[in-house]
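This report describes how the protein chains of a complex are placed around its two DNA strands. Please have the sequence and the coordinates open while reading.

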There are 4 protein chains.
Amino acid sequence: MMTDSKDHLRDERREQIKRAALKVFAQRGLIGTKMNMIAREAQISDGLSYRYFKSKEEILTELIKEAIEGSNEAFALITNMPGSPIEKVRTLTNEILQEDNHHFILMQQVMLADELPNEVVELLKTHDSAAMINTLTAIIAKGQHSGEFVEGNPKELAMWYLTSLVGLMNIQKIDIEGYQLPDADFMMRLIVKPNPI
Amino acid sequence: MMTDSKDHLRDERREQIKRAALKVFAQRGLIGTKMNMIAREAQISDGLSYRYFKSKEEILTELIKEAIEGSNEAFALITNMPGSPIEKVRTLTNEILQEDNHHFILMQQVMLADELPNEVVELLKTHDSAAMINTLTAIIAKGQHSGEFVEGNPKELAMWYLTSLVGLMNIQKIDIEGYQLPDADFMMRLIVKPNPI
Amino acid sequence: MMTDSKDHLRDERREQIKRAALKVFAQRGLIGTKMNMIAREAQISDGLSYRYFKSKEEILTELIKEAIEGSNEAFALITNMPGSPIEKVRTLTNEILQEDNHHFILMQQVMLADELPNEVVELLKTHDSAAMINTLTAIIAKGQHSGEFVEGNPKELAMWYLTSLVGLMNIQKIDIEGYQLPDADFMMRLIVKPNPI
Amino acid sequence: MMTDSKDHLRDERREQIKRAALKVFAQRGLIGTKMNMIAREAQISDGLSYRYFKSKEEILTELIKEAIEGSNEAFALITNMPGSPIEKVRTLTNEILQEDNHHFILMQQVMLADELPNEVVELLKTHDSAAMINTLTAIIAKGQHSGEFVEGNPKELAMWYLTSLVGLMNIQKIDIEGYQLPDADFMMRLIVKPNPI
DNA sequence: TATGAATGAGGTTTCATTCAT
DNA sequence: CATGAATGAAACCTCATTCAT
């Protein structure tokens with residue numbers, strides 16, 4: 001039907017705008033991102049975004065919804081996957097350390113911001129960053145039992161590991177000659193017990 | 001004397017405003033920081049900052065000047081101090097991991113920003129973030145020779161270590177129940193060769 | 001009595017401030033004049049003017065009152081003085097062309113301004129710049145009869161002469177190397193019939 | 001073509017804003033002119049000027065550029081034109097005494113101002129108000145030789161004549177019932193030797 | 001639907017006025 | 001009385017949003 005085609009086109013546009021917005025939000029921050037930057041990145045005119053989104057706020061809200069979903073999925077994945085704690089942490093780490101993973105940066109910016117749209121605040125309650133930490137805490141505790149992970153308060157280890165990882169993602173935006181992200185095993189040295197030879 | 005007392009008061013005020021501004025800049029970013037936030041944080045009226053600083057830009061510029069000096073000092077310190085590479089890295093790490101160390105966060109924001117005041121751009125040329133990395137690279141290379149540090153491209157290790165550390169500082173602003181920064185030795189697991197038992 | 005001495009001191013201060021204000025108003029215009037400029041010119045602190053005048057507006061109002069009085073006096077003088085029309089115009093011209101005659105410049109600025117304090121507006125009604133022109137018109141008409149002045153509509157001649165003169169006063173503020181005001185006889189060439197030889 | 005039409009519209013708007021600004025600057029002075037006055041005069045919203053000019057300063061700078069060009073042209077004109085000194089001065093005088101000639105008033109305000117944008121200061125160096133005076137001085141000297149002009153220091157005569165003329169332009173803004181500018185020959189009485197009969 | 005010009009609320013800065021010392 | 005630091009309303013400027021084409 002006609003409508004389907006129309007809807008399809010409309011969805012394409014929305015995705016195009018969201019992709020552009022995510023990139024700019026991640027690079028410039030929530031306030032540093034101007035609507036005309038999003039428009040330029042999406043190669044559309046200044047006014048067009050408003051046919052697809054009510055406001056800058058709405059774009060942000062949708063992006064955060066996706067980010068939360070992505071994050072929840074990532075944690076569901078490692079909760080449910082088979083394998084040793086080390087393998088689970090490696091999977092999670094690789095998930096986060098993707099070159100084009102802007103969602104985690106966005107989440108971080110959102111958590112740092114203080115004046116958020118109400119709807120975003122509501123969304124964040126469904127996310128409970130503590131849940132992420134608790135999941136990882138459980139895995140680490142298990143790994144400690146099996147002797148794979150270093151000793152220490154598992155919750156603290158989880159928080160330190162996650163914040164290091166997310167911080168690293170954030171910092172990668174700085175333009176340093178020849179910089180590339182480390183691989184998962186480098187970061188995992190923080191919590192994995194060294195191989196006794 | 002009168003003059004001394006006046007000058008003293010003036011300097012106190014300037015410091016008060018800079019302290020407030022540093023805190024807000026670190027939390028909200030360069031653009032996200034509004035002058036009225038600085039004023040509120042410093043508990044003064046909106047207009048008063050302008051008796052002490054020509055503009056928001058001038059406040060930022062002074063803060064960055066201090067941040068660069070602090071960073072340069074930290075690296076000079078570990079370059080000149082006696083001791084093993086491990087001890088040097090531990091000193092540097094502790095220097096960075098101070099609860100109230102907003103300067104590194106500010107530096108990071110400055111390096112991420114795209115439209116900086118000219119004077120700040122000039123200042124940054126005197127800083128050369130590469131210098132920081134090179135200093136650490138040399139120490140790591142030496143530590144690799146003496147077997148203290150893990151193998152791998154020393155420059156890459158330096159960059160990864162520094163960005164993890166700075167990212168961690170940045171992320172600590174997020175309000176997580178019971179979160180405190182890790183100590184130096186936790187982070188140093190990233191590059192220090194484990195003690196063979 | 002004590003009070004007399006106090007009042008005397010108070011009046012001195014008021015004069016000092018008014019002198020300073022007149023100078024600055026004439027140089028910088030009504031809006032261009034900042035209260036701190038007046039204070040600096042009067043060599044007093046920023047706040048002190050407010051012990052002697054309710055506001056910037058009040059200072060201006062008093063200055064204009066004086067300017068109007070001065071202008072009225074000048075015209076009364078030439079109306080009543082004995083002598084030929086030429087001598088009367090010369091007296092008036094010299095009155096205006098005084099190096100330190102800021103009052104005429106102030107009057108002009110006031111007449112150009114559009115947002116004036118109400119009280120000033122009231123004052124201006126007592127001045128009626130037309131009165132000045134009418135006085136001069138009468139003198140010129142008389143001088144035309146006696147053959148001293150050039151032909152033409154006497155009112156127009158009066159307006160042109162006065163505006164040239166006042167404009168000249170205004171322009172003298174421009175810093176031109178070696179500039180000094182012309183004397184009365186130069187300006188009077190505009191309306192005085194040349195001496196037949 | 002599309003682009004041409006767009007550019008054309010843009011230029012029209014810029015001209016509209018400049019016209020409005022010139023009128024207001026001439027009437028209210030550099031500091032007395034508020035952006036909202038320009039907007040109201042141009043019948044546009046407060047923010048729109050900023051799509052066409054970076055700042056109030058830029059508007060002023062462009063206007064001054066034009067004023068300087070106009071002034072330079074006027075003096076080039078009389079330098080190069082054939083004719084007697086009297087005819088040259090008449091041409092110049094008529095050039096200045098145009099009802100809608102706000103440029104000379106603007107120039108005067110600029111020369112009176114004390115805090116000018118840097119670029120304007122640079123521009124003024126290309127203008128050298130002394131050049132204007134020197135040009136006129138030369139013409140007057142020549143006219144004195146041929147007996148057309150009155151005796152006296154030609155440079156002084158030039159300065160007095162010009163300042164009277166410009167001051168007159170400035171003063172015309174005052175709203176006097178039935179006032180109109182004099183013609184060139186009236187003003188030229190200041191320096192032209194009277195016709196002996 | 002798509003454009004980009006236009007609007008106006010909000011952030012930055014200035015300065016008349018007040019107030020603690 | 002005198003000072004100059006402090007205040008806050010108003011001016012300059014930016015940018016999210018609307019609207020004419």
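## Surroundings of DNA strand F

Around DNA strand F there are 29 residues, of which R13(B), R51(B), Y52(B), R51(C) and Y52(C) come nearest; a residue is counted here if one of its heavy atoms lies within 4 Å of the strand. The model is predicted, so that local features need pLDDT of at least 70 and side-chain atom pairs count only at pLDDT 80 or more, while totals for chains, interfaces and linings use all residues. Residues are numbered from 1 along each chain as its sequence is written, chains are lettered from A and ligands numbered from 1 in the order in which they are written, and side-chain values use heavy atoms, with hydrogens and water left out.

Of the strand F atoms that lie within 4 Å of the protein, 73% belong to sugar or phosphate, and the rest belong to bases. The residues of this surface divide into 9 nonpolar, 10 polar and 10 charged, where Ala, Val, Leu, Ile, Met, Phe, Trp, Tyr, Cys and Pro count as nonpolar, Asp, Glu, Lys and Arg as charged, and the others, Gly among them, as polar.

## Phosphate contacts of strand F

Polar contacts, meaning pairs of N or O atoms within 3.5 Å, link chains A and D to the phosphates of DNA strand F. In chain A, a polar side-chain atom of K34(A) lies 3.2 Å from a phosphate oxygen, and a backbone N or O atom of M35(A) lies 2.7 Å from a phosphate oxygen; in chain D, a backbone N or O atom of M35(D) lies 3.0 Å from one. The elements that give two or more residues to the surface near strand F are α3 (49-52) of chain B and α3 (49-52) of chain C, helices being DSSP runs of H or I with at least four residues, numbered from the N terminus.

## Surroundings of DNA strand E

DNA strand E is surrounded by 30 residues, the closest being Y52(A), Y50(B), R13(D), R51(D) and Y52(D). They divide into 9 nonpolar, 10 polar and 11 charged, and at least two residues each come from α3 (49-52) of chain A and from α1 (2-28) and α3 (49-52) of chain D.

A polar side-chain atom of Y50(B) lies 2.5 Å from a phosphate oxygen of strand E, whereas S45(A) places a backbone N or O atom 3.3 Å from a phosphate oxygen of this strand.

## Chains without contact

Chain D has no contact (heavy atoms within 4.5 Å) with chain A, the closest C-alpha atoms lying 14 Å apart, nor with chain B, where the corresponding distance is 16 Å.

Methods. A polar contact is a pair of N or O atoms within 3.5 Å; within protein, one must be able to donate a hydrogen and the other to accept it, and residues adjacent in sequence count only if both atoms are side-chain atoms.
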